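Please open the model in the viewer and keep both chains visible. The tour below proposes a series of selections and states what is found at each.

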Amino acid sequence: MSNCLQTIQDYGLRSLGYGERLLPKTDFTLCEQFTLIGSGMIWNIYFGIMALVTGFFLATALALGKASSNIWLRKPAEWFIFLFRGSPLFIQFFFAYFFFLSLKKAYPMFDAFTSAWLGALIVLFFNTAAYSGEIFYGALRSIPKGDVEAADAYGMSGWSRFRRVIWPTMLRLAWPAYTNEAIFLFHATTLVFFSAFPAWRQKGDALYYASYFADKTFNPFVPYPILAFYFILLTLVVVGIFGLINARLNRHLPTAKKAKMRFRPNLVR
Amino acid sequence: MFSYCADPDTLGTFRWFSCYLTNGVHMSFYLSFIKVLALLAITAPVALAFGFAGAMSARSHVLPVSWLGKGYIAIVRGVPDIAFFLFFVIALDQAFEWTRHQILCPDWTDPIRQGNDFLVCSQAKLPLGTSPEWVHQTYGFFLAVVTFAIVFGAFAGNVLFGGMRAVPHAQLETAEAYGMSRRQTFWRILVPQMWVYALPGLSNLWMVLIKATPLLFLLGVEDIVYWARELGGTKTSKFTAYPHGDWRMWYFLFLLVFYLAFTRVSEIALERLMQKLSHGQATTGGEAQRKEAVA
């Protein structure tokens, strides 16, 4: 037991570069595998939360742009969404990395963009913005006509109508699908270190360490189930938090009409 | 390829590129696109079959069978698919080798898992150490296909299970009233009707499958990602007649365009298919078509 505490001290923050420098090489204990893979989860959570928070605002803008009657707003939004939803995230990571690499050669100030914490985050940000933008756009189009007419009748227009009527209704309608998108984004973060972005000094995410153990031990039956355990836990937390927000968005409705949360992610992107 | 390609150093830009893009390694690059298309063509029906089996057993009245089906459908969701890809390739390989080991070398006494090693007798190795390169490649590709089929089978199972439940219950009750057995009801009433309900989910799955094909690279197959990285890297004149700088960005831009075009074409084709299937159906899509025809 005290052994394991020592391991947690050594490797608990290994993915951020603190603690023991060398990864374990032989005689892998279950504790080491749990600790290191859990340490890698820090990156998955970082990428997921940062991309979700920043992506949310761009997604709202994209949805409004796509629903706009102005062609100069609509076409760019449509193209952006098509570009990021129509191509594999994996290829997007590769392209972005090599793009940033060439930029860095010309302008050294782009140095940070070639490391995962910023470069991959930008790709995830654009990607989730495009997917959520499409979800929000769908919700925007299914806002009941009566709600908007009622807002007009009250003399609301422009910003106040958007802020008080359209936006909350859009979120309420989109929320179940948006929850799936969030789960799906967290899963997508495992691709980062398997595309071109280098895990500098072996500071990688959960899957990076899981595949490290699987490679070293030739035994996939321990590290991957541990990874699965962590991800199922993360998924449950995400579902819980989004469920609370969903309850708040629906709090004015009678119980029977509340949108049911359905856990239905569709995993690969 | 062309007769003037003998000395690339002297060529103009256009001719240089015409030679560069048709040299031997680029042919392998183009061939890898065929690999991707082959993977799609094989995986889609196999995954559909896996999914159908999964959905069928999930509906079973025998509890263990139903748990098996539901577990299969549920487990692949909730965990990143890429973890499954990495897991199944090793796990399947070891499962095959272990089975062959049990059959071919029954009097082998050493344990198979020795510390960090997985050791089977040399006759049980897959593929055999003596077999030519193409067997190794084909075996790798075969493992990839099975892995894709298992993972996407679970997704398809989910969609088909939903489609089966969407068939109006009255239809099944009517079949029962006519004295059909459960098996007859399933094959004659449920299965023919479920496709309209399952098609939107399945077409979504097809798009997802297209976008999952670059993951072949992670399974150790020499696919388009592998070649794009190889060919795009900086080449000096020491090793090749066509030296160039780091062009990986352009190669991946090309892949991006390829996938965008592919998904766009699929989108249009699936839209047409849906139009066709909705024709005359008692769904909103079919109703819209009817109204259009009347007006």
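Begin with the second largest pocket of this predicted model, which holds about 660 Å³ of space. To find its centre, select D215(A), F218(A), V89(B), I90(B) and D93(B), the closest to that point among the 25 residues of the lining. Next, colour the elements that give two or more residues to this lining: α8 of chain A, together with α4 (81-104) and α5 (133-166) of chain B. Colouring the lining by class shows 15 nonpolar, five polar and five charged residues.

Now widen the selection to the contact between the chains, to which chain A gives 44 residues and chain B gives 41 residues. The area buried between chain A and chain B is about 3800 Å², and carbon and sulfur atoms account for 75% of that area.

Which side chains meet in a salt bridge across this interface? Select K105(A) and D246(B), whose side chains form a salt bridge at 3.8 Å, N to O. One salt bridge is found across the interface of chain A and chain B, and four residue pairs are in polar contact there, with both residues at pLDDT 80 or more.

Then display the side of chain A that touches chain B, where α3 (71-86), α4 (89-106), α8 (206-217) and α9 (223-249) of chain A each give two or more residues. Of these helices, highlight α4(A), the source of the largest share, 10 residues. Finally, colour this side of chain A by residue class: 27 residues are nonpolar, 12 are polar and five are charged.

How values were computed
Residues numbered from 1 in each chain as written. Chains lettered and ligands numbered in written order. Predicted model: local features only at pLDDT ≥ 70, side-chain atom pairs only at ≥ 80, totals over all residues. Heavy atoms only, no water. Contact = heavy atoms within 4.5 Å. Buried area = accessible area lost by both parts, 1.4 Å probe. Salt bridge = Lys/Arg side-chain N within 4 Å of Asp/Glu carboxyl O. Polar contact = N/O pair within 3.5 Å; in protein donor to acceptor, adjacent residues only side chain to side chain. Helix = DSSP H or I, 4+ residues; strand = E, 2+ residues; numbered from the N terminus. Nonpolar A, V, L, I, M, F, W, Y, C, P; charged D, E, K, R; others polar. 1 Å grid on protein atoms, 1.4 Å probe; cavity = no way out; pocket = protein on both sides within 12 Å on 5 of 7 lines; lining within 4 Å. Points joined across faces, edges and corners; volume = space filled by probe spheres on them.
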